[in-house]
Structure formats: C-alpha cells, structure tokens
Amino acid sequence: MRIESLYFWQIVAGLSVGTFFIRSFLIFLSSHIRINNRSKEILTFIPAAILPALIAPLVFFHKGQVEALHGKERLFVLILATGVSYFAKNMLITIGFGLTLLYFITQS
Amino acid sequence: MFFRGFKAMIPITTGIIPFGLVMGSVAQHAALSTGQALGMNFIVFAGASQLAAIDLMLQHASSAVVIATGLIINLRFMLYSAAFSPFTQKASFLTKIICSYSLTDQTYAVLKANEDHFKTKNEALRFYLGSAVCMMLIWHSSVVLGFIFGNFMPPSLSLDYAIPLSFVALVLPTLKNRNYFYVAAAASILSVLLKPLPYNLGLLCAALIAMAIGTFLTRGRYAD
C-alpha cells in the first residue's frame, strides 16, 4: 500500500514544475502575445474531458459487496449523487450525501 | 482592495474546506508522511491533480502517466492565465511569480465575477492577491485538518469514495451547454472501454478523444 519515496517525489517534482509552467508562461508572455478566442474555447473543454474519464473507471470497475446491486453500489450511488449535486451545486452536500448513502447501503 | 479580495473569497471557502479535508484525509489514508503530504500540497498547489496523482500512485501507474494525467487536469489553468494576463502586463517579476503560483479555479472565478468593479489594473491585482491569500490560508489549514483527523475516520466510511464525489461536484458547473455534456459523456464511456490499455493510458486517450469531439462539435464558430 505504501507509496515509495523516490517515486513519490519524482512525481511531485514533475507535477509541480509542469503545473507552474502551465500557470505562468502566458502571464510572462502577456506583453508579447494574444490568445485567440477559439483556443480559449477549446481549453474550456478540459475539465469535462478529464474529470469524467478519471471518475468512470474508478467507480465502474470497483468490486463492491452489495449483491442486490451486483457489487456496483458505488456506481449506483454516483448516479444519484450526480443528480443531487446538479441541484444542490455544493461540494459539501454532494460528498456528504454520497458517503452517507454508500455507508447505509454497505452496512445494511 | 486587498481586503475586498480577501472578503470576496470567504463565501467560496464552503467549497474549498470539504475539498481540502478530503485531500488531507486521502493523503493520510494513502500512508503519506507528514512531509510528503504537506510538501506536495505546498509545491504543487492544485488539488484535483494531487488527488488524481495519489490515486494513480496507489495503483502503481508509471511516473510518466501520473505526471501526464496531473498536467492534463491542470491544463485548464492555461485558460485562466490567458484571461488573467492583461492584469499582469506591467507587474514586477516577483508579482508575476506569485500570481502564477496562486492561480486556482476559485481565485480565477472570484476575479472574473468582480471584473467590472476595478478602476485600474493595479486595483485588480491587489484584489486578486487578497483573494489568493485567503484561498491559501483556508486550503492549507483544511488539508492539515483532514490529514490529522482522517486518522479517526473508520474504514467503513469508504473515504476514498470522496474523490469521485468531489470530482462530480467540480465538473458539473463546467458543463455549460450540450456540447460540454457530450464531451463528458464521451470521456466517461471511452475511459471505461479503454481501461484495458497498458500504463493507465486509457484515461489519457479517453480525455484526448473527448477534447477532439468537443473541438469538432464547436468547429466553425470563430471563422473570422
């Protein structure tokens, strides 16, 4: 389970240098270049493309324990939590609802 | 202006605190040392990519895949810095560094929402720095709290499940119209179908194809 130290710091180093570059290079170039609206629009698709791609396999392939839901209780809860989150527009409520529902489903 | 920025950030912290608590307790459950958890949090300072990285590290994904995935998540900051860059044109080198480092979803959102109130670029900068200081204070303290108290959470609470839940809450507000919804749906389906690819590459491929779909769906809108 433990994450090896060298592996961990390698990743943190790569992630931080890369992230700082992403955040800074347009700010440092600000007096020299302009970004067109089309590129800006394409960038707005990033969260919609990457976050669901992270969530879906994590939840879909999870082997659960509730037989009535074929072990897919996390998928079931996620679908309901998505509905709740859509209306509540609040992270605390989404996480609270999801964890509580999962707790009751798996403990009952 | 600095304090107005600081104050404008306070309502947003209702979203930062639970995310920080999750970040801290996930780091604790992944058996990171205090140095690792705090170090990562201070150096990277980008929650969603940190959560994804910890998750992939626990699956022993290759370093290149973990870094690439995290960086793709953080590519959205490029959009923010593009929008932010007019304010920093005349700023000093140090200010530019501080502004870059502290650029987050929340500081960007607060600046964007108050854009009309600034008389000068300097005012905007001071407002931004105030909101960034507030953001960092709240974020780092909630991560520390999560890291300390994550220990007392029983395993039956399945705290790791808070990661997908927090991502749902992060992504939903970004689905501004049908095109974004199609991109998100394509990304979910493709990531499940491409899961068998080695080195967790399915995730990256799914995201890139979904981006391409979004680009295709909105083609020709800026024909000028």
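Here is a short walk through chain B of this predicted model, from a surface patch to two loop residues.

Let's start on the outside. Seven side chains are worth picking out here, since together they make up a nonpolar surface patch: B:Ile17, B:Leu21, B:Val144, B:Leu145, B:Ile148, B:Phe149 and B:Phe152. Taken together, they offer about 620 Å² of accessible area. Two elements of chain B, α2 (13-29) and α9 (121-149), each give two or more residues to this patch. Of the contributors, α9(B) has the largest share, with four residues.

What about B:Phe152? This patch member sits in the loop between α9 and α10 (162-171) of chain B. Its relative accessible area is 64%, so B:Phe152 counts as exposed, the cut-off being over 50%.

Now for the backbone, and a pair of residues with positive phi that aren't glycine. Go to the loop between α2 and α3 (34-44) of chain B, and you'll find B:Ala31. Phi of B:Ala31 is near 60 degrees, a positive value in a non-glycine residue. With a relative accessible area of 26%, B:Ala31 is partly exposed.

Move along to the loop between α3 and α4 (47-58) of chain B, where B:Phe45 is found. Here phi is near 50 degrees, again positive in a residue other than glycine. Is B:Phe45 buried or exposed? B:Phe45 is buried, because its relative accessible area is just 2% and buried means under 20%.

Key: Residues numbered from 1 in each chain as written. Chains lettered and ligands numbered in written order. Predicted model: local features only at pLDDT ≥ 70, side-chain atom pairs only at ≥ 80, totals over all residues. Heavy atoms only, no water. Patch = residues over 30% accessible without salt bridge, like charges linked within 9 Å, V, L, I, M, F, W, Y side chains within 5 Å. Areas by Shrake-Rupley, 256 points an atom, 1.4 Å probe, with all protein chains shown as cover. Salt bridge = Lys/Arg side-chain N within 4 Å of Asp/Glu carboxyl O. Buried < 20%, exposed > 50% of the residue type's maximum accessible area, 1.4 Å probe, protein only.
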